[in-house]
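Colleague: Please take a close look at the salt bridges in this model. For each pair you discuss, I would like the distance, the burial of both partners and, where it applies, the parts of the chain that are joined.

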Amino acid sequence: MNSYITTSTDFLNPHEINLSISILNRFKNEISYEVFGGYEDSESNIIYIYPSFKYKNDAEDIVLFKFESNEKIKHSDVLGSILGLSIDRRKIGDILIGEKFTYFFVKREIANFIEINLTKISKHNVILSREEKALDLPKKEFDYKKIIVSSFRLDNLISKVFNLSRSKVKNMINNELVKVNFSVETRSHFELDLGDLVSLRKYGRFKIYDVEGNTRKGNFVVIVRLNK
């Protein structure tokens, strides 16, 4: 890396961030870094890397767009429409669906292209505008579901949460359609724990939010939190 400039990664998930930080910390006498995704509590973040003598990051590599929300436009529609422009997924940060406006973050290097070419989300026309500051962003909303399970096996939890057969879930796990804490997990028998985040492609994701206790038969009463 050039000793006098700040550089940045693409957007990384929390697992990738942790791995990257473990490597960067080996060079803490030479470089400094900042993790940021455009707003507080962002899930996808980039890492700014700069020489230690600079003391602070001096780059702004994230652009925030917004457009008027349409109740028919979902998170997957926004992501799909952007990817449909042949944009690398790693150039796209968080997408926040609000009651009045929908917001999404991208790397600055693709911002002009997005602004010119993203005129439709699904079949709906949209008009993008850039936001200088991340103010009044919609809060993330969740649904909560109580399930009763005999174990914390990955296939068992997914089956209960999404009302799928165990055999179908096992096939999906084998086909690498499941991630646990942002890493692909191919073991159906993998034991989940409190706080683990599970995602199933095309179905959504859930977090093991709480364990309320046990039933008389010894099963577990679990509360899972699902992204809306």
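Modeller: Asp155 is a buried residue, its relative accessibility being 0% (buried means under 20% relative accessible area, exposed over 50% and partly exposed in between, with a 1.4 Å probe and protein chains only). Its partner is Arg153: the two form a salt bridge in which the closest N and O atoms are 2.9 Å apart. A salt bridge here is a side-chain nitrogen of Lys or Arg within 4 Å of a carboxyl oxygen of Asp or Glu. Arg153 is partly exposed, at 23% relative accessibility.

Some conventions before the other pairs. The model is predicted, so local features need pLDDT of at least 70 and side-chain atom pairs count only at pLDDT 80 or more, while totals for chains, interfaces and linings use all residues. Residues are numbered from 1 along each chain as its sequence is written, and side-chain values use heavy atoms, with hydrogens and water left out.

By the rule above there are 13 salt bridges. One of them pairs Glu109 with Lys91, with 2.6 Å between the closest N and O atoms. Glu109 sits in the loop between strand 6 (101-107) and helix 3 (111-117), and Lys91 in the loop between helix 2 (75-83) and strand 5 (92-97), so this pair ties together parts that are 18 residues apart in sequence. Helices (H or I, at least four residues) and strands (E, at least two) are DSSP runs, numbered from the N terminus. The two partners fall into separate burial classes: Glu109 is exposed at 54% relative accessibility, whereas Lys91 is buried, with a relative accessible area of 14%.

Another pair is Lys146 and Glu212, whose side chains meet in a salt bridge at 3.2 Å, N to O. Because Lys146 lies in strand 10 (residues 142-149) and Glu212 in strand 14 (residues 204-214), the bridge ties together parts that are 66 residues apart in sequence. Lys146 counts as exposed, at 53% relative accessibility, and Glu212 as partly exposed, at 49%.

Back to the pair with the buried aspartate: Asp155 and Arg153 meet at 2.9 Å between their closest N and O atoms. Beyond single pairs, salt bridges that share partners join Asp10, Lys91, Lys107 and Glu109 into one network.
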